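Q: Could you take a close look at one helix in this model and walk me through its surroundings? I'd like the geometry first, then whatever lies around it and elsewhere.

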Amino acid sequence: MPSDDSRKPNYSRRFMWLALFIVVLFGGYSLGWFYLADKLEAQAKSRIAALNHDGVTADCANPVARGFPFRLGLFCDRVAFTDPARGISITAGSFRSVGQIYDPAHLIAELDGPARIDVPQALSLALAWGNLRASVRLAQPLPQRVSLEGSQLNADTTDGAHLATVETFEGHMRPNGADVDLAGTFSSLSLDPSVVDGRTVPPLSGETDLTINNGVQLIGSRTQSLRGQSGTIHTLDLSTAQTTGLSLSGPFSVDQDGLLDADFKVKVRDPQGLATVLGGVLPEKSREIHQGFMGLSLLGREPSLPLKIVKGKASLGFIKLGQVPPLQ
């Protein structure tokens, strides 16, 4: 008759096999992670090198893959891009990108300031910010979604002249069938008086939501002209306070000559409050502004007016506003 000891399971052997399995599994995973990390670093260096030709220089200083064990991303000490032929130069601080191993199509990137941007026919900018982050959901032919958000943005010229500050801002892009949806917001935009001819403008907040028809093909073909394009502005809003501001919405199109056609609706929130704000910005026109908005206030606290543009000729209700210059 077998003894009781012979019928007892060998727990020590089971534990040994389990421990060995875990070690092998973790070791294999680690080898796979470092293999992918090496591939990522090599690919980054190859793509950067491919950009450096015909006078163009691109740099991602000290590219290193990090994030072990559950993330994988590329880190650079600083980034720079210069294209002398186009007069473009961009430099910024450290760059970090990361994706989860279990969700590699979703990438998140952060960029540290300060940054310097030089482009033709524009001021050279020195930018600083508290936070700047981008998020991308990869797909074909375009990413499923691209988002950018930041806070505490400060814009100066490179010679030290202050231009503006923004408390928060964000932008989003996503394909919608053959079209592309664009949306964005910003809050507490403060403009230096030097930017607006010495005038004092109160802090501004804004929101935009629009659709570009056939936008997927336009992005794929890298079309840079507005001519021949069309879309719909769902919301274009500018405010100085929660209850004071104006918004615009409606369809638009641009013909091959750059002439704009649009059927917009303009909504004014708190006409008298907006008149006070505009009168402070344009004191020499304060009387005319208050007289004009007084009629609007008779239509309620949020009156709406049609803004029609036909072949570049704009009219607000029955008031002729003049010609909109051809768009490029």
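A: Let's start with the length of H5 in this predicted model. H5 has 12 residues, and at 1.5 Å a residue they should span 16 Å; the C-alpha atoms at its ends are 16 Å apart, so the two agree.

Next, which residues of H5 are buried? They are Ile289, Phe293 and Leu296. Around the axis they cover an arc of only 35 degrees, which means they sit on the same side of H5. The background is simple: an α-helix has 3.6 residues a turn, so residues three or four places apart point the same way.

As for what lies over that side, the cover of the buried residues of H5 includes S17, helix H4 (271-281) and S18. Turn to H4 and you get the view from the other partner: its buried residues pack against strand S16 (244-254), S17 and H5. Those buried residues of H4 are Pro271, Gly273, Leu274, Ala275, Gly279 and Val281.

Now for the empty space. The second largest pocket has a volume of about 360 Å³. It is lined by 16 residues, and the closest to its centre are Phe293, Leu296, Leu305, Leu316 and Ile319. Phe293 and Leu296 are also among the buried residues of H5. H5 gives the most to this lining, with 5 residues. Strand S17 (260-269), helix H5 (286-297), strand S18 (304-310) and strand S20 (319-323) each supply at least two residues. By type, the lining of the second largest pocket divides into 13 nonpolar, 2 polar and 1 charged.

Just past S18 there's a backbone detail to check. Lys311 lies in the loop between S18 and strand S19 (313-316), and its phi is near 50 degrees, a positive value in a residue other than glycine. At 45% relative accessibility, Lys311 counts as partly exposed, because exposed would take over 50%. Arg222 is another non-glycine residue with a positive phi, about 55 degrees. Its place is the loop between helix H3 (215-220) and strand S15 (230-241), and with 73% relative accessibility Arg222 counts as exposed. For context, most residues other than glycine have a negative phi, and most peptide bonds are trans.

On the peptide-bond side, there are cis bonds to look at too. One joins Phe68 and Pro69, with omega about 15 degrees; Pro69 is in the loop between strand S2 (64-66) and strand S3 (71-76). Another joins Gly113 and Pro114, with omega about -5 degrees; Pro114 is in the loop between strand S7 (103-111) and strand S8 (115-118).

The largest pocket has a volume of about 1,500 Å³. Of its 45 lining residues, the closest to its centre are Arg47, Leu74, Phe95, Ser97 and Leu107. Here the largest share of the lining, 8 residues, comes from helix H2 (residues 11-51). The lining of the largest pocket divides into 33 nonpolar, 6 polar and 6 charged.

One last spot is Thr208, found in strand S14 (residues 204-212). Thr208 counts as partly exposed, at 23% relative accessibility. Leaving out residues up to four places away in sequence, Thr208 touches Leu182, Ala183, Gly184, Thr235 and Leu236. Thr208 and Leu236 are 28 residues apart along the chain, yet their C-alpha atoms are separated by 4.5 Å.

Definitions and conventions: Residues numbered from 1 in each chain as written. Predicted model: local features only at pLDDT ≥ 70, side-chain atom pairs only at ≥ 80, totals over all residues. Heavy atoms only, no water. 1 Å grid on protein atoms, 1.4 Å probe; cavity = no way out; pocket = protein on both sides within 12 Å on 5 of 7 lines; lining within 4 Å. Points joined across faces, edges and corners; volume = space filled by probe spheres on them. Helix = DSSP H or I, 4+ residues; strand = E, 2+ residues; numbered from the N terminus. Nonpolar A, V, L, I, M, F, W, Y, C, P; charged D, E, K, R; others polar. Expected span 1.5 Å × (residues − 1). Buried < 20%, exposed > 50% of the residue type's maximum accessible area, 1.4 Å probe, protein only. Arc of directions from axis to C-beta. Contact = heavy atoms within 4.5 Å.
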